[in-house]
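Reader: I would like a close look at a single part of this chain, set against the fold as a whole. Please take one helix as the starting point and work outwards from there.

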Amino acid sequence: MTNLILEQICQVFDIAYRKGWTTSCWDGNASVSFAGEDFFYISTSGIPKHSFRPEHFLRVKILDDHWQRLSTHPCTDALSPTGEIPVHWPMHRHSHSFQTDRVILHLHPTHVIAALHAGHDLNEISARFPNLKRKCRIAPDIENLPESADLMAEKTFQHLGLDSQGCIQHDIVAIGGHGVVSVASDPFTALSYVERVNHIAEVVLLSGK
Ligand SMILES: [Zn+2]
């Protein structure tokens with residue numbers, strides 16, 4: 001089961017790369033925790049997204065207030081987890097008590113970034129497209145941030161409504177000048193949230209309104 005989900009994340013990375021939502025080695029990342037477990041897997045830096053394999057994920061133990069790298073595959077011994085791991089591990093902190101798996105997917109979808117750059121408010125706009133936002137709870141947008149994974153994490157948790165039990169109020173949040181963070185119980189649902197929000201952004205940009 002673990003390998004299946006990691007394979008699916010690899011497929012999602014490949015799809016995102018072909019859409020231009022992640023650029024080869026450095027952009028975009030993902031992690032997954034499993035219901036009832038106290039560890040998660042996270043993508044490493046420096047591997048091209050279109051050739052990502054399950055052995056390129058690091059297994060990480062969840063501690064009270066931090067994380068610890070666990071045994072790895074020889075392929076990942078020299079690799080580091082994504083520098084945006086602060087956005088991931090706190091959302092896996094309560095996985096031991098979750099009933100479902102949790103996948104966190106961070107991508108740079110082009111039309112979302114363009115719409116925010118043009119001054120659109122995706123959260124407000126999405127209310128006008130009830131069918132497009134169906135089954136996808138879109139959080140209020142995050143303004144442009146300085147390059148800081150800790151600040152990105154703080155704002156992401158705040159806007160997703162992450163509570164002390166690890167529950168969230170929204171499925172996806174857009175970050176100005178950067179991308180999105182999507183949370184779901186499986187990789188393809190997480191991708192579908194990105195696709196829905198990007199579709200809304202594309203429609204709005206094409207409309208010119
Ligand atoms: Zn990013």
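**A covered helix and its setting**

Author: In this predicted model, helix H2, which spans residues 85–92, is mostly covered, since six of its eight residues are buried. The buried positions are Ile85, Val87, His88, Trp89, Met91 and His92, a list in which two histidines stand beside a tryptophan and a methionine. As general background, an α-helix has 3.6 residues a turn, so residues three or four places apart point the same way.

To place this helix in the fold, one can start from the chain, which contains six helices and seven strands and, read along the sequence, runs α-β-β-β-β-α-β-α-α-α-β-β-α. The radius of gyration is 16 Å, close to the 17 Å that the globule rule gives for 209 residues, and the chain is therefore as compact as a globular protein of that length. Along the principal axes, the C-alpha atoms fill a box of roughly 50 × 35 × 30 Å. Of the 209 residues in the chain, 43% are buried, and among contacts between residues at least 6 apart in sequence, 62% join residues at least 24 apart.

A pair of other helices can be described in more detail. The axes of H1 (residues 2–19) and H6 (residues 187–207) come within 9 Å of each other and cross at roughly 25°; because angles under 35 degrees count as roughly parallel, H1 and H6 are roughly parallel to each other. On the H1 side the contact involves Ile5, Gln8, Ile9, Val12 and Ile15, which meet Pro187, Phe188 and Leu191 of H6. Sorted by class, this contact of H1 with H6 has seven nonpolar residues, one polar residue and no charged residues.

After H1 the chain enters the loop that leads to strand E1 (29–33), and Thr22 has its place in that loop. Thr22 is buried, because 27 other C-beta atoms lie within 10 Å, where 20 or more are needed for a residue to count as buried. Leaving aside neighbours within four places in sequence, Thr22 is in contact with Phe13, Ala16, Tyr17, Asp27, Gly28, Lys49, Leu107 and His108. By contrast with these contacts, Thr22 and Arg137, which are 115 residues apart in sequence, are 23 Å apart in space from C-alpha to C-alpha.

Notes:
Residues are numbered from 1 along each chain as its sequence is written. This is a predicted model: local features need pLDDT of at least 70, side-chain atom pairs count only at pLDDT 80 or more; totals for chains, interfaces and linings use all residues. A residue is buried if 20 or more other C-beta atoms lie within 10 Å of its own, exposed if 12 or fewer, and partly exposed in between; C-beta atoms are placed from the backbone. Helices (H or I, at least four residues) and strands (E, at least two) are DSSP runs, numbered from the N terminus. The radius of gyration is taken over C-alpha atoms; the globule rule is 2.2 Å times the number of residues to the power 0.38. Two residues are in contact if their C-beta atoms, placed from the backbone, lie within 7 Å. Axes are lines fitted to C-alpha atoms, for helices over the stretch in contact, and angles run from 0 to 180 degrees between N-to-C directions. Angles under 35 degrees count as roughly parallel, over 145 as roughly antiparallel, 65 to 115 as roughly perpendicular and the rest as oblique. Ala, Val, Leu, Ile, Met, Phe, Trp, Tyr, Cys and Pro count as nonpolar, Asp, Glu, Lys and Arg as charged, and the others, Gly among them, as polar.
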